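This report describes how the helices, strands and charged side chains of one protein chain are arranged. The sequence and the structure are shown below.

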Amino acid sequence: MRKFAWILILLLVVGCGERKFPRPDFENINFGTTAQAKLFFKNVRSYYYETDLYGFEGAEVYRWAGRDTDSAHYWLHPVLVIHLLQDQAFLLSESSVAVQRDCKPWLYRYAPGQLDSISLQPNSMQAHLDLHVFVYDAIEDSLSLCFETPFGERLPYLAGQKTQADYHKQVRDFLRLVGKI
């Protein structure tokens, strides 16, 4: 009986690893949302966001409540927008004044012997989404992200587990709104 209890405890410990979700389908997102998805977001998930209901006519803007807002720090945040009149949801991007002023207009992800980049100046809803997918995939693959100054200095981005988890949650909230998860 005692051996059975130890085996059960070991199985529980092994099974309690990090929770990993399958990679969502980022292809063919049409940004459309439903009344049910909006209701779920407003009743359950909006608690984690600061809400701007009046900044843009016909749209609700949600910014993660626990985000860094110091303009002297180097950050890039997703902004969830629900366009009420067109039944659409999309992600926009906000970056700090420090990133806009001191960094090249690219976000870099790197692994040993590998460097990839994406523009920090998206010009469409799809380009904003591509930027956030770039970051989401880097988090999933445990790759490092950084901004780079014109002098070649690398400034880490999303270095902590909490900031990565928060970013991950925001992208998944968007995917839930557009019916991809």
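## A charged network between two helices

In this predicted model, Arg45, Asp173 and Arg176 are joined in a network of salt bridges. These residues belong to the contact between helix 2 and helix 5, in which Ala37, Lys38, Phe40, Phe41 and Arg45 of helix 2 meet Lys169, Asp173, Arg176 and Leu177 of helix 5. Sorted by class, this contact holds five charged, four nonpolar and no polar residues.

Two packed helices are described by the angle between their axes and the distance between the axes. For helix 2 (residues 35–45) and helix 5 (residues 161–177), the angle is about 145 degrees and the axes lie 9 Å apart.

## Further salt bridges

Side chains of opposite charge can pair when their charged atoms come close. The count of salt bridges in the model is 12. One of them joins glutamate 94 to arginine 63, with an N to O distance of 2.9 Å. Because glutamate 94 lies in strand 4 and arginine 63 in strand 2 (residues 59–64), this pair ties together parts that are 31 residues apart in sequence. Glutamate 94 is partly exposed, its relative accessible area being 25%.

A salt bridge also forms between glutamate 148 and lysine 104, whose closest N and O atoms are 2.8 Å apart. This pair links distant parts of the chain, 44 residues apart: glutamate 148 is in strand 7 (residues 144–148), and lysine 104 is in the loop between helix 3 (97–102) and strand 5 (106–111). Glutamate 148 is buried, at a relative accessible area of 12%, whereas lysine 104 is partly exposed, at 27%. Within helix 5, aspartate 166 and lysine 162 form a salt bridge, with 3.0 Å between the closest N and O atoms. The two residues are four places apart, and therefore separated by about one helical turn. Aspartate 166 is buried, with a relative accessible area of 9%, while lysine 162 is exposed, with 59%.

## The sheet of strands 1 to 4

Strands of a sheet pair through backbone hydrogen bonds, either parallel or antiparallel. One open sheet of four strands has the order 1-2-3-4, and its pairing is antiparallel. Strand 1 (49–56) and strand 4 are at the edges with a single partner strand each, so each has one side without a neighbour in the sheet. On average, neighbouring strands here are turned by 30 degrees against each other, direction ignored.

Strand 2 and strand 3 run antiparallel and are joined by five bridges; glutamate 60 has isoleucine 82 in strand 3 as its bridge partner. Strand 3 (residues 76–83) pairs with strand 4 (residues 88–95) over eight antiparallel bridges, and leucine 80 is partnered by leucine 91 in strand 4. Four residues separate strand 3 from strand 4 in a hairpin, and aspartate 87 in its turn has a positive phi of about 50 degrees. Helix 5 lies across strand 1, strand 2, strand 3 and strand 4, at about 20 degrees to strand 3.

## The sheet of strands 5 to 8

A second open sheet, also of four strands with antiparallel pairing, has the order 6-5-7-8. Its edges are strand 6 (114–119) and strand 8 (154–157); each has a single partner strand, so one side of each lacks a neighbour in the sheet. The average turn between neighbouring strands of this sheet is 35 degrees, direction ignored.

Strand 5 and strand 7 run antiparallel and are joined by three bridges, and tyrosine 110 stands opposite serine 144 in strand 7. Helix 4 packs on this sheet, touching strand 5, strand 6, strand 7 and strand 8, and its direction makes about 25 degrees with that of strand 5.

## Helix 4

Which residues of helix 4 are buried? His128, Leu129, Leu131, His132, Val133, Phe134, Val135, Tyr136, Asp137, Ala138, Ile139 and Glu140 are. Helix 4 is thus mostly covered, with 12 of its 16 residues buried.

At 1.5 Å a residue, the 16 residues of helix 4 (residues 125–140) should span 22 Å, which agrees with the 22 Å between its end C-alpha atoms. Just after helix 4, serine 142 adopts a positive phi of about 55 degrees.

Conventions:
Residues are numbered from 1 along each chain as its sequence is written. This is a predicted model: local features need pLDDT of at least 70, side-chain atom pairs count only at pLDDT 80 or more; totals for chains, interfaces and linings use all residues. Side-chain values use heavy atoms; hydrogens and water are left out. Axes are lines fitted to C-alpha atoms, for helices over the stretch in contact, and angles run from 0 to 180 degrees between N-to-C directions. Contact means heavy atoms within 4.5 Å. Ala, Val, Leu, Ile, Met, Phe, Trp, Tyr, Cys and Pro count as nonpolar, Asp, Glu, Lys and Arg as charged, and the others, Gly among them, as polar. The expected span of a helix is 1.5 Å times one less than its number of residues. Buried means under 20% relative accessible area, exposed over 50%, partly exposed in between (1.4 Å probe, protein chains only). Two strands pair if DSSP finds at least two bridges between them. A salt bridge is a side-chain nitrogen of Lys or Arg within 4 Å of a carboxyl oxygen of Asp or Glu.
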